[in-house]
Amino acid sequence: SILLILISAVGIGAWNGIGTLVDASVWVNHTHKVEVKLRRLLSLQVDAETGQRGFLYTGDERFLEPYTAALKNIGETRDELKHLIRDNPAQLSRLSEVGMLSDQKNDDLKQTIALKKAGRDQEVADHVGSGKGKEIMDRIRAKIDAMIAEEERLLQERQKKVGSALHTVNMISIGGVLS
């Protein structure tokens, strides 16, 4: 009966350890998904700016294609991120700030495009020269970088849990074999 108790204890310990390992692995994967979406959000914002710049430089509306495509996807990507980080109030707050800045940036882009379409080139030059759009974009980058840094911190924490859980399962397995 002692052997049966020992085998049961090893089985229960291994089962719990594997459950912890799976859970920790899911969170590591989750963190990677958040980082990918954050990088995507920044990339879309850069695409919008790239399209605007091409149009301002050439006056050719074909250059607005990246701008238009990015605007369609920015909101969707923010919504996906909001869903992914719904359990993290600090990250949600940062995302809200990114959203407000992104809206400001997109309004700024829209304004310069409208000025260019109206043939008001000097106003476009003055507006772009003011540095307002650059300052907003720098703030977006800084906020997204802070979010990525937090996800990296979480990733390290979660990877430690994976390693610890794996170590526990290994020790239980070895202990079970030796007993």
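This report covers the confidence, helices, core, salt bridges and surface of one predicted model.

**Confidence**

The mean pLDDT of the chain is 89. A score of at least 70 is reached by 93% of the residues. Confidence varies by element. Helix α3 has the highest mean pLDDT, at 97. Helix α5 has the lowest, at 84.

**Helix α3**

Helix α3 runs over residues 89-117 and holds 29 residues. From first C-alpha to last, α3 reaches 42 Å. That is close to the 42 Å expected at 1.5 Å a residue. After α3 comes Gly119, with a positive phi near 75°.

Two residues of α3 serve as distance markers. Pro89 is found in α3. Pro89 counts as exposed, because its relative accessibility is 63% and the exposed class begins over 50%. Pro89 and Asp47 are 42 residues apart in sequence. Their C-alpha atoms are 28 Å apart in space.

Ala114 also belongs to α3. Its relative accessibility is 43%, so Ala114 counts as partly exposed. Ala114 and Leu56 are 58 residues apart along the chain. Their C-alpha atoms are separated by 10.0 Å.

**The nonpolar core**

In soluble globular proteins, nonpolar side chains tend to be buried together. Here the largest nonpolar core has 28 residues. Which of these touch the most other members? They are Leu38, Leu41, Ile140 and Ile144. Helices α1, α2, α3 and α5 each supply at least two residues of this core. The biggest contribution comes from α1, which gives 8 residues.

**Salt bridges**

Side chains of opposite charge can pair when their charged atoms come close. The whole structure holds 14 salt bridges. The table gives three of them.

| Salt bridge | Closest N and O atoms | Citation |
|---|---|---|
| Arg78 and Asp103 | 3.3 Å | |
| Asp138 and Lys134 | 2.6 Å | |
| Arg153 and Glu150 | 2.8 Å | |

Arg78 pairs with Asp103. Arg78 lies in helix α2 (residues 65-84) and Asp103 in helix α3, so the pair ties together parts that are 25 residues apart in sequence. Is Arg78 buried or exposed? Arg78 counts as buried, because its relative accessibility is 18% and the buried class lies under 20%. Its partner Asp103 is partly exposed, with a relative accessible area of 37%.

Asp138 and Lys134 both lie in helix α5, which covers residues 132-178. They sit 4 residues apart, about one turn of the helix. An α-helix has 3.6 residues a turn, so residues three or four places apart point the same way. Asp138 counts as partly exposed, at 34% relative accessibility. Lys134 is exposed, with a relative accessible area of 55%.

Arg153 and Glu150 are also in helix α5. They are 3 residues apart, so about one helical turn separates them. Arg153 counts as partly exposed at 40% relative accessibility. Glu150 is buried, with a relative accessible area of 15%. Elsewhere, salt bridges that share partners join Glu49, Arg53 and Lys105 into one network.

**Along helix α5**

Lys132 is another residue of helix α5. Lys132 is partly exposed, with a relative accessible area of 40%. How far apart are the C-alpha atoms of Lys132 and Leu154? They are separated by 33 Å. Along the chain, these two residues are 22 residues apart.

**A surface patch**

Ile18, Val22 and Val26 make a nonpolar surface patch. Its area is about 260 Å². Val22 lies in helix α1, which covers residues 2-58. Val22 counts as partly exposed, because its relative accessibility of 48% falls between the buried limit of 20% and the exposed limit of 50%.

**In brief**

Helix α1 gives the most residues to the largest core and carries Val22, one of the residues in the nonpolar patch. Helix α3 has the highest mean pLDDT and is tied to α2 through Asp103 and Arg78. Helix α5 has the lowest mean pLDDT. It holds the pair of Asp138 and Lys134 and the pair of Arg153 and Glu150.

Methods
Residues numbered from 1 in each chain as written. Predicted model: local features only at pLDDT ≥ 70, side-chain atom pairs only at ≥ 80, totals over all residues. Heavy atoms only, no water. Expected span 1.5 Å × (residues − 1). Patch = residues over 30% accessible without salt bridge, like charges linked within 9 Å, V, L, I, M, F, W, Y side chains within 5 Å. Areas by Shrake-Rupley, 256 points an atom, 1.4 Å probe, with all protein chains shown as cover. Salt bridge = Lys/Arg side-chain N within 4 Å of Asp/Glu carboxyl O. Buried < 20%, exposed > 50% of the residue type's maximum accessible area, 1.4 Å probe, protein only. pLDDT = per-residue confidence, 0-100. Core = buried A, V, L, I, M, F, W, Y, C linked by side-chain atoms within 4.5 Å.
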